[in-house]
Amino acid sequence: MTEANLKKTPLHALHVEAGAKMVSFAGYHMPVQYTGVIEEHQNVRTHVGLFDVSHMGEVEFVGTQALAVANRIFSQDLTALINGQACYAVMCQEDGGIIDDVVIHRFSEERILVCVNAANRAKDFAWMSSFKTEDCQINDVSDDYVQIAVQGPKAESLLTSAVVGESAATLKALKRYHFVANMPVAGVATGIIARTGYTGEDGFEIYCPVSSGPIIWSELLKKGASQSARPIGLAARDSLRLEMRYPLYGQDITETTNAFEAGLGWVVKLHKSVDFVGKAALTEAKAKLAAGEGRKLVGLEVKGRGIARPHYPVLAEGARVGEVTSGTMGPSVGKAIAMAYVPSAYAAVGTSLAIRIRDKDIPAEVVPTPFYRPPST
Amino acid sequence: MEKTYPEDLKYTKDHEWCQIDGDVATVGITWHAQDALGDIVYCELPEVGDGVSKGETFGVVESVKAVSDLYSPVSGEVIERNEGVLESPEMLNQDMYSAGWMVRVRLADVANAAADLMSMAEYEAFLTSES
């Protein structure tokens, strides 16, 4: 796809102006790095970084049955959330395969906002729309929002410096996976500000109207200059999430993986009061794993020289037992780390495996995850 | 490090450089190669005594994000390799033409070694045509 065919986020011109290296990602022309991936990664771990994640999609459920319909589609129990609370969930096929992983924001029983992966936007919207009723409209509102993630130990002090009145206190009191609506930032409107993120650090994700996006982005960078706030590209977003073992859709989770084998059993509420799509298959998947069958997504540390990359074979006692789904050199852990699906028998922490890297079998070990733990946040 | 392509080096379209001195060529990657990769975190090179062939892979460099093969600009036998860049691959970003050299190769065919390699001016023109 040529650059001309790619979509641009409303912050695109600011990235180009800042000298970012731009790449094609999920149909968008996105910044992959500004100055250097390791520097950007560390900046988020030690200070604060801004990510343009406007390529992410947003789908709104509106109507008297909004919550009820959403509760049939997603794995989490949305009745257990309070208004103003968000949760991470998966959306499954009948066979339990993951259609997408999402963050669901509950405004009320009559309004839900779901953040979906950019690459899955059309597929997700088509799937969700098939559940539409007269009392639950489902709208793709992706193009109405700019999404900016503010992540790092200095995120709270940066964002509170850009709001007025009681807002700073409200943000400070905002708990993880809760959000506030309609709070102006840098003097302009936002839709919601959620205490969520994909880095392992404290932080916020701001969903705001397109017209607010460039103003908030520029103002936060200006106000944050003294706190080393910097724009962060997609490359560091990937290394940050991988160190936390956060799955990436399309690599670590797909339509042929289920939430239990992916280690996401905690987002599946099998006992909620309504049946949801995939429940029967997931009940079976859970039982299978409990019986020591099936496979698990594990964290691996490469013990020899080399970096594991997606699709590299994983071996146990010389035989191929799985393949790497994500892998890199973790800038904060200083080691080559990876995730891979392996049979349950090889999934215990401490198990010695090998990863075939360019025809050489390099020792690797199953290690506890997350690979990196931020110092008390 | 600022963008630079020293005049005394020869270049390939795979973005390697080599400096031929008598029957020995010193090989590395260009400023463009390391810039395209970003922060280099891993490097794999042939052992001393291994043979390398012009246009064929002789090693690998990896950034946080990607893997990239190295293609030899010359044919011959590796007589020395830079253990320093294996230990500290960031040298390939910081000093790719001196401290970041990769291997020294005893040339198989001294007379024709430089025949189809590019001069600095040719390489810069090639980069312009590529972008």
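These are my notebook entries on pockets, a cavity, a small sheet and one loop residue in a predicted model.

**Entry 1, the largest pocket**

I began with the largest pocket, which holds about 1000 Å³ of space. I counted 48 residues in its lining, and those nearest the centre are Asp101(A), Tyr198(A), Arg241(A), Pro247(A) and Leu248(A). I then looked up which elements give two or more residues to this lining, and in chain A I found the strands S5 (85–92), S6 (98–108), S7 (111–116), S12 (203–209) and S16 (319–330), together with helix H8 (234–243). The element that gives the most is H8(A), with five residues.

By residue class, I noted 27 nonpolar, twelve polar and nine charged residues in the lining of the largest pocket. I also checked the domains of chain A, and at least three lining residues come from each of domain 1 (3–53 + 144–243) and domain 2 (292–377).

**Entry 2, the second largest pocket**

I turned next to the second largest pocket, for which I noted a space of about 420 Å³. Its lining has 20 residues, and the closest to the centre are Lys360(A) from chain A and Tyr42(B), Glu44(B), Leu45(B) and Pro46(B) from chain B. At least two lining residues are supplied by each of strand S19 (360–367) of chain A and strands S4 and S6 of chain B. I noted S6(B) as the element that gives the most here, with four residues. The lining of this second pocket divides into nine nonpolar, two polar and nine charged residues.

**Entry 3, the sheet in chain B**

Since S4 and S6 of chain B had come up in the pocket lining, I looked up the sheet to which they belong, and I found an open sheet of three strands in the order S4-S6-S7, paired in the antiparallel sense. Strand S4 (40–44) and strand S7 (67–71) stand at the edges of this sheet and have a single partner strand each, so one side of each is left without a neighbour in the sheet. With direction ignored, neighbouring strands of the sheet are turned against each other by 25 degrees on average.

I followed the pairing of strand S6 (residues 57–63) with S7(B), which is antiparallel and runs over five bridges. As a point to find on screen, I wrote down Gly59(B), which stands opposite Leu70(B) in S7(B).

**Entry 4, the cavity**

I searched for cavities of 30 Å³ or more, and the count came to one. The largest cavity holds about 30 Å³ of space, and I listed its lining as Met30(A), Pro31(A), Phe51(A), Asp52(A), Ile232(A), Gly233(A) and Leu234(A). Strand S2 (28–33) and strand S3 (48–52) of chain A each supply at least two of these lining residues. Sorted by class, the lining of the cavity has five nonpolar residues, one polar and one charged.

**Entry 5, Ala345(A)**

Last, I looked up Ala345(A), which I placed in the loop that lies between strand S17 (335–343) and strand S18 (352–357) of chain A. Is Ala345(A) buried or exposed? I noted a relative accessible area of 64% for Ala345(A), and because the cut-off for exposed is over 50%, I entered Ala345(A) as exposed. I also checked Ala345(A) against Lys296(A), 49 residues apart from it along the chain, and the C-alpha atoms of the two are separated by 9.3 Å.

Key:
Residues are numbered from 1 along each chain as its sequence is written. Chains are lettered from A and ligands numbered from 1 in the order in which they are written. This is a predicted model: local features need pLDDT of at least 70, side-chain atom pairs count only at pLDDT 80 or more; totals for chains, interfaces and linings use all residues. Side-chain values use heavy atoms; hydrogens and water are left out. Two strands pair if DSSP finds at least two bridges between them. Axes are lines fitted to C-alpha atoms, for helices over the stretch in contact, and angles run from 0 to 180 degrees between N-to-C directions. On a 1 Å grid over the protein atoms alone, a cavity is a set of points where a 1.4 Å probe fits but cannot get out, and a pocket is an open set with protein on both sides within 12 Å along at least five of seven lines; lining residues have an atom within 4 Å of a point. Grid points are joined across faces, edges and corners, and a volume is the space filled by probe spheres set on the points. Ala, Val, Leu, Ile, Met, Phe, Trp, Tyr, Cys and Pro count as nonpolar, Asp, Glu, Lys and Arg as charged, and the others, Gly among them, as polar. Domain bounds come from an automatic or database domain assignment. Buried means under 20% relative accessible area, exposed over 50%, partly exposed in between (1.4 Å probe, protein chains only).
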